[in-house]
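Me: I should like to go through the assignments in this model one by one and to hear the grounds for each. Please set each value against the rule that applies.

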Amino acid sequence: MVLCFLLLSQGAAADIFRPAYLELSQLDAERYEVLWRVPALPDNRRLAARLVFPKNTERVGESRSAIINNAWEERYEIKAAGGLTDQEITIDGILGGATDVIVRIERLDGTTQLERLQPAEPRFTVTASPGPGEVALAYFLLGVEHILGGIDHLLFVLALLLLVSNLRRLVLTITAFTVAHSITLVCATLGWIRLPGPPVEAVIALSIVFVAAEVIHEQQGRASITARSPWIVAFGFGLLHGLGFAGALQEIGLPDTAIPVALLMFNVGVEAGQLLFVGGVVISATLLSRVAQVPSALVKRVVSYGIGSIAAFWTIERVAAFIP
């Protein structure tokens with residue numbers, strides 16, 4: 001189990017959601033403005049990934065490149081005879097299989113097409129304007145994928161599960177966390193709250209350390225308000241985690257004509273992914289207690305120390321990243 005936590009800490013720099021990003025903004029029936037952003041390597045080298053447009057496409061004018069926020073950005077215009085609808089675009093050398101690519105296409109009518117490309121399938125087809133159902137499904141799936149890929153958010157939920165001793169308190173705690181991060185997700189995404197991302201990410205990691213420590217204290221008989229009323233802590237830290245979710249959603253963007261639907265379904269997707277994780281943990285814990293007959297107190301202690309250690313590493317790493 002300890003080995004698994006060490007592997008997690010190596011493979012996950014927590015929930016640093018840094019996919020490559022392609023944005024196509026339609027200017028008229030045949031012209032598009034292209035924004036292509038890929039994460040920069042530590043030495044600011046550019047990753048070997050390029051866009052392959054259909055044969056009916058040509059560049060118009062010169063491209064502009066710069067390093068912005070640790071990512072290479074390139075902007076230019078293209079002209080596609082007859083438009084790009086029903087045409088296929090490929091990412092050649094999709095970052096060496098290292099990350100996904102978020103694609104956003106803004107059409108003239110204000111509608112948006114969203115795609116998430118994975119290394120195994122680095123291509124997509126430009127579609128006509130979607131209906132509300134397609135927008136809802138796309139953002140729901142993005143929400144599910146984001147929470148299941150957000151290791152720090154999942155570890156926080158896992159620490160809460162270790163702290164809660166009965167079903168009623170578990171429901172109250174998860175509900176409080178859900179309500180809190182839903183509030184800040186909406187407020188931050190709509191621009192009503194603006195906080196710098198790096199400090200927020202550092203405090204999110206620190207919140208995991210705090211809850212993991214409270215689990216240990218509870219086992220030692222040093223029960224605090226966190227153990228007696230975990231929903232209070234879940235609500236308070238949930239506000240911070242909502243800002244983390246909003247950072248991912250702002251990276252993707254919202255369709256101008258369906259902001260309420262997209263925002264709602266992204267949040268519903270986050271909750272669905274969270275419930276899947278909680279269900280998986282409960283089933284795994286039940287099987288472990290019945291098959292392996294491992295003392296629950298020992299499992300809780302080992303897991304708590306593992307969660308706290310990983311989160312402490314993330315805290316130090318994130319603080320070091322924004323302190324000169």
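Reply: The model is a predicted one. A suitable place to begin is strand E2 (residues 31–39), which runs antiparallel to strand E5 (residues 71–80) and is joined to it by nine bridges.

Me: What makes E2 and E5 a pair of strands?

Reply: The rule asks for at least two bridges between two strands. Nine bridges join E2 to E5, so the rule for pairing, at least two bridges, is met. Within this ladder, arginine 31 has lysine 79 of E5 as its bridge partner.

Me: Which sheet contains these strands, and in what order do the strands lie?

Reply: E2 and E5 belong to an open sheet of six strands, ordered E4-E5-E2-E1-E7-E8, with mixed pairing.

Me: Why are E4 and E8 said to stand at the edges?

Reply: Strand E4 (57–67) and strand E8 (112–117) each have a single partner strand, so each has one side without a neighbour in the sheet. On average, neighbouring strands here are turned by 15 degrees against each other, direction ignored.

Me: Which helix packs on this sheet, and which strands does it touch?

Reply: Helix H2 packs on the sheet and touches strand E7 (101–106) and E8. The direction of H2 makes about 35 degrees with that of E8.

Me: Why is H2 called oblique to helix H7?

Reply: H2 (residues 132–149) and H7 (residues 230–252) pack at about 135 degrees, their axes being 11 Å apart. An angle has to be over 145 degrees to count as roughly antiparallel, and the roughly perpendicular range is 65 to 115. The angle of about 135 degrees fits neither class, and H2 is therefore oblique to H7. The crossing of H2 past H7 is right-handed.

Me: Which residues make that contact, and how do they divide by class?

Reply: H2 contributes Tyr139, Leu142, His146 and Ile147, while H7 contributes Gly244, Phe245, Ala248, Leu249 and Ile252. Seven of the residues in this contact are nonpolar, two are polar and none is charged.

Me: What makes helices H3 and H4 roughly antiparallel?

Reply: Helix H3 (residues 151–163) and helix H4 (residues 167–189) pack at about 155 degrees, with 10 Å between their axes. The class requires an angle over 145 degrees, and H3 and H4 are therefore roughly antiparallel. H3 passes H4 in a right-handed crossing. Phe156, Val157, Leu160 and Leu161 of H3 meet Leu170, Thr173, Ile174 and Phe177 of H4. By class, this contact holds seven nonpolar residues, one polar residue and no charged residues.

Me: How many aromatic pairs are there, and why is the one between phenylalanine 156 and phenylalanine 177 called tilted?

Reply: The count is three aromatic pairs. In the pair of phenylalanine 156 with phenylalanine 177, the centres are 5.2 Å apart and the planes make 35 degrees. Rings pair if their centres lie within 6.5 Å, and planes that are neither under 30 degrees apart nor over 60 count as tilted; the pair is therefore tilted. Phenylalanine 156 lies in H3 and phenylalanine 177 in H4, so the pair ties together parts 21 residues apart in sequence.

Me: How do you know that E3 and E6 are paired?

Reply: E3 and strand E6 (residues 88–92) share three bridges in the antiparallel sense, and the rule needs at least two. Arginine 50 stands opposite aspartate 92 in E6. These strands belong to an open antiparallel sheet of three strands in the order E3-E6-E9. Strand E3 (50–52) and strand E9 (123–125) are at its edges, each with a single partner strand, so one side of each lacks a neighbour in the sheet. From one strand to the next, the twist averages 20 degrees.

Key. Residues numbered from 1 in each chain as written. Predicted model: local features only at pLDDT ≥ 70, side-chain atom pairs only at ≥ 80, totals over all residues. Heavy atoms only, no water. Axes fitted to C-alpha atoms, helices over the stretch in contact; angles between N-to-C directions. Helix = DSSP H or I, 4+ residues; strand = E, 2+ residues; numbered from the N terminus. Parallel < 35°, antiparallel > 145°, perpendicular 65-115°, else oblique. Left-handed = near helix turned anticlockwise from the far one by under 90°. Contact = heavy atoms within 4.5 Å. Nonpolar A, V, L, I, M, F, W, Y, C, P; charged D, E, K, R; others polar. Phe/Tyr/Trp six-rings, centres within 6.5 Å; stacked < 30°, edge-to-face > 60°.
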